[in-house]
Amino acid sequence: MVSLGDVKRSAATLYAQGQHLAALRLYDAIVAAQPLDYDARLRVADCALALGDRGAAQVYRAVGWYCLKSGHPLPALVCARVLEAHGGEAGDLTAALVAHYGSASELLGKVAARISLPADELAIPIPDVRQPAPPDAVAAALARAEQATAALEDFPEAVHAIPLLSAMSEAALRRVLSTMLLKRLPAGAFVIREGEPGTSFYFVASGRLNVWATDGLGRKTPLAELGEGAVFGEMALLSAQPRSASVACATDADVFELGRASLAALADELGAVAEALHGFTRERLLGNLMATSPLFKPFQRMQQRDLLRRFTSHDVAPGTVVIHEGEEGRGLFVVLSGELEVSRRASDGAVPLGVLRTGDVFGEMALLRDVRTIATVIAQRPATVLFLAREYVARIVAAVPEIRKYLEALAEEREIDNQLVLGEEPAPADERILI
Ligand code: CMP
C-alpha cells in the first residue's frame, strides 16, 4: 500500500519521462481505489491520449460533467479544452458551466458543498509497473475512468462561486472563457518569475503552486501555496510594475492564463473585475509585508496583525507630497505599492536621493534623531502608503530592540548614501545622535 500523494508523484514522473503506460497503470490504481479522484481520471485520459488511444475522449467528457456537477468548474473547463484541442465537441460542457456558475445561476449563493478530491495520505494498493502490463490495460483503465462516478446520484444542490468569474453576466463569462488559455504544466515548471514584466493573470484549475519572493541577498521567502480556484499574477497587471514574486508548480498543474484579449472581452464589466483584483492585491500586499518586512519580523502572527491595525492606509496620486522637507517628523511610513521619489532642496533645484518601492520604510530619520525632516517624498506613480503616528513608533522603538536597531541601521545607511550623493563629508561617528 502506498499513499495517494506518493502514487501521484510517481505517476507524474513516469508521465514526464514519456512512460505513459506505466503512468496510466498507477493512475488507474488510484481510480480503482478512489473513484472520486477526478484528477486521476483525467490523467488516465491524458496517458491514453499520449498512447494514441482515441477512447480518451469519452473519459474527458465524463470527467468534465462530473467536475461541473461536483463543484469543480475549472477542471471541467480543462476537459472541455482538451476535447476541443483534439477535434471533439465540448460546447455543451462550456454552456453548462456558464449556466451553473454565471452570476444568474440559481445554484450559486446558497450554502454549497463540494465533493473533494480524496486526501493525499490515503494508502492504496498499486501494481508493480516493472511487470508487463496486461494486454487490455489501456481499455480497462479508460472504461473504469469513464464509469467511475456513473452510479453517483448525490451531487451538491448548490455550488461555490468561481472567484471573479461568477460575478460576471453569462454573456461576459462566455466571452472571457473563450479567451482563457490553458497551460498544462509539470511539477517544477515556472509560471511567473519575479522581476519580469507581466501583462496577464492566472486561475489555478488543478494542482498546487508555490509563491515566493527573494530578498536582496537572494534568500527565498515563501509567501503562499495556491490551489484550485486561486487567482494570481494580478499585481503586475494592475500596477504596471515587474512581477512581485515567483510562482512555480509544486505538483503537475493546470492553469488558465488571462491576457489582454480577456480584458478586452470584459469591456463593460472591466471596472468590477479590476476592483475585485485590487481586493486580492491589497490582502496579499499586507500579507507579504508582514512576511518580509523587518518591521514585522520580531512579532508573532497575532501581534503582526495588531501592529498592522495601528497603521492607517492612504492612497496617494502621482505628484502628492507625502513628506515636506523641513517639517516635523509626523510618523513612520511604509510603501504598500507604487513608487515615491525622495529629494532634497539645493541652490540649483531638487537633488534626487532615491526611490521608495513596495516594502520600503521612510520617515525614520526625523523620528530617531528628533530633527526636522531632511528630504521631500513625492509619489511618482499612484501609491498606497501605510502610516504609523510618531507616538506609537516611539513606544515600539522603546519596547522592541530589534526594531530600534533596524531603523537605526536604515537611517545610518541612508545618511551615508545621501552624503555621497550630495558630496558632503560624513560626520564623525561620535557626533551622530542616536536615541
Ligand atoms: P504578480 O506580482 O503579478 O506576480 C507574482 C504573483 O504572486 C503576484 O502578482 C500575486 O498574484 C502572487 N502573490 C504575491 N504574494 C502573494 C501572497 N501572499 N499570496 C498569494 N499570492 C501572492
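**Exercise 1. The whole chain**

What percentage of the 435 residues of the protein chain count as buried? Work out a first portrait of the chain, too.

*Solution.* Before we start, keep in mind that this is a predicted model.

Step 1: Begin with burial. Of the 435 residues, 46% count as buried.

Step 2: Next, look at the building blocks. The chain has 15 helices and 18 strands.

Step 3: Now the outline. Along the principal axes, the C-alpha atoms fill a box of roughly 85 × 50 × 40 Å.

Step 4: Then the surface. The accessible surface comes to about 21000 Å², and carbon and sulfur atoms own 55% of that.

Step 5: Check how the fold brings residues together. Take the contacts between residues at least 6 apart in sequence: 76% of them join residues at least 24 apart.

Step 6: Finish with charge. There are 43 positive and 54 negative charges, and their mean positions are 1 Å apart.

**Exercise 2. The two sides of a helix**

Find out which residues of helix 12 are buried, and explain how they are arranged around the axis.

*Solution.* Step 1: Helix 12 covers residues 301-310, and its buried residues are Gln-304, Leu-307 and Leu-308.

Step 2: These three cover an arc of only 100° around the axis, which puts them on the same side of helix 12.

Step 3: Here's the general rule behind that pattern. An α-helix has 3.6 residues a turn, so residues three or four places apart point the same way.

Step 4: What does the buried side pack against? The buried residues of helix 12 pack against helix 11 (270-292), strand 18 (383-389) and helix 14 (390-399).

Step 5: Flip to the face turned away from the buried side, and you meet the exposed residues Met-302 and Arg-309. Arg-309 has a relative accessible area of 61%; the cut-off for exposed is over 50%.

Step 6: One last distance. Arg-309 and Leu-388 sit 79 residues apart in sequence, but their C-alpha atoms are 9.6 Å apart in space.

**Exercise 3. Following the salt bridges**

Trace three salt bridges, and say which parts of the chain each one links.

*Solution.* Step 1: Recall the basic idea. Side chains of opposite charge can pair when their charged atoms come close. A search of the whole structure turns up 26 salt bridges.

Step 2: Take Asp-39 and Lys-8, whose closest N and O atoms are 4.0 Å apart. Asp-39 lies in helix 3 (residues 38-50) and Lys-8 in helix 1 (residues 4-16), so this pair ties together parts 31 residues apart in sequence. Asp-39 counts as buried at 14% relative accessibility, and Lys-8 counts as buried at 15%.

Step 3: Move on to Asp-254 and Arg-43, whose side chains meet at 3.7 Å, N to O. Asp-254 is in strand 10 (residues 253-258) and Arg-43 in helix 3, so the pair links distant parts of the chain, 211 residues apart. Asp-254 is buried at 1% relative accessibility, and Arg-43 is buried with a relative accessible area of 9%.

Step 4: Now Glu-364 and Arg-414, a salt bridge of 3.1 Å, N to O. Glu-364 belongs to helix 13 (residues 364-369) and Arg-414 to helix 15 (residues 401-422), so parts 50 residues apart in sequence are tied together. Both Glu-364 and Arg-414 are buried.

Step 5: Put some pairs together. Salt bridges that share partners join Lys-8, Asp-37, Asp-39, Arg-43, Asp-46, Arg-184 and Asp-254 into one network.

**Exercise 4. Positive phi angles**

Look up Leu-164 and Ala-240. Is each one buried or exposed?

*Solution.* Step 1: First, the background. Most residues other than glycine have a negative phi, and most peptide bonds are trans.

Step 2: Leu-164 has a positive phi of about 65° although it is not a glycine. You'll find Leu-164 in the loop between helix 7 (137-147) and helix 8 (170-179). Its relative accessibility is 10%, so Leu-164 counts as buried.

Step 3: Ala-240 also isn't a glycine, and its phi is positive, near 55°. Ala-240 sits in the loop between helix 9 (234-239) and strand 9 (246-249). With a relative accessible area of 58%, Ala-240 is exposed.

**Exercise 5. A serine inside**

Which residues does Ser-262 touch, not counting residues up to four places away in sequence?

*Solution.* Step 1: Locate Ser-262 in helix 10 (residues 260-266).

Step 2: Check its burial. Ser-262 has 0% relative accessibility, so it counts as buried.

Step 3: List the partners. Leaving out residues up to four places away in sequence, Ser-262 touches Val-176, Thr-179 and Met-180.

Notes:
Residues numbered from 1 in each chain as written. Predicted model: local features only at pLDDT ≥ 70, side-chain atom pairs only at ≥ 80, totals over all residues. Heavy atoms only, no water. Buried < 20%, exposed > 50% of the residue type's maximum accessible area, 1.4 Å probe, protein only. Helix = DSSP H or I, 4+ residues; strand = E, 2+ residues; numbered from the N terminus. Arc of directions from axis to C-beta. Contact = heavy atoms within 4.5 Å. Areas by Shrake-Rupley, 256 points an atom, 1.4 Å probe, with all protein chains shown as cover. Lys, Arg positive; Asp, Glu negative; His and termini not counted. Charge placed at Lys NZ, Arg CZ, Asp CG, Glu CD.
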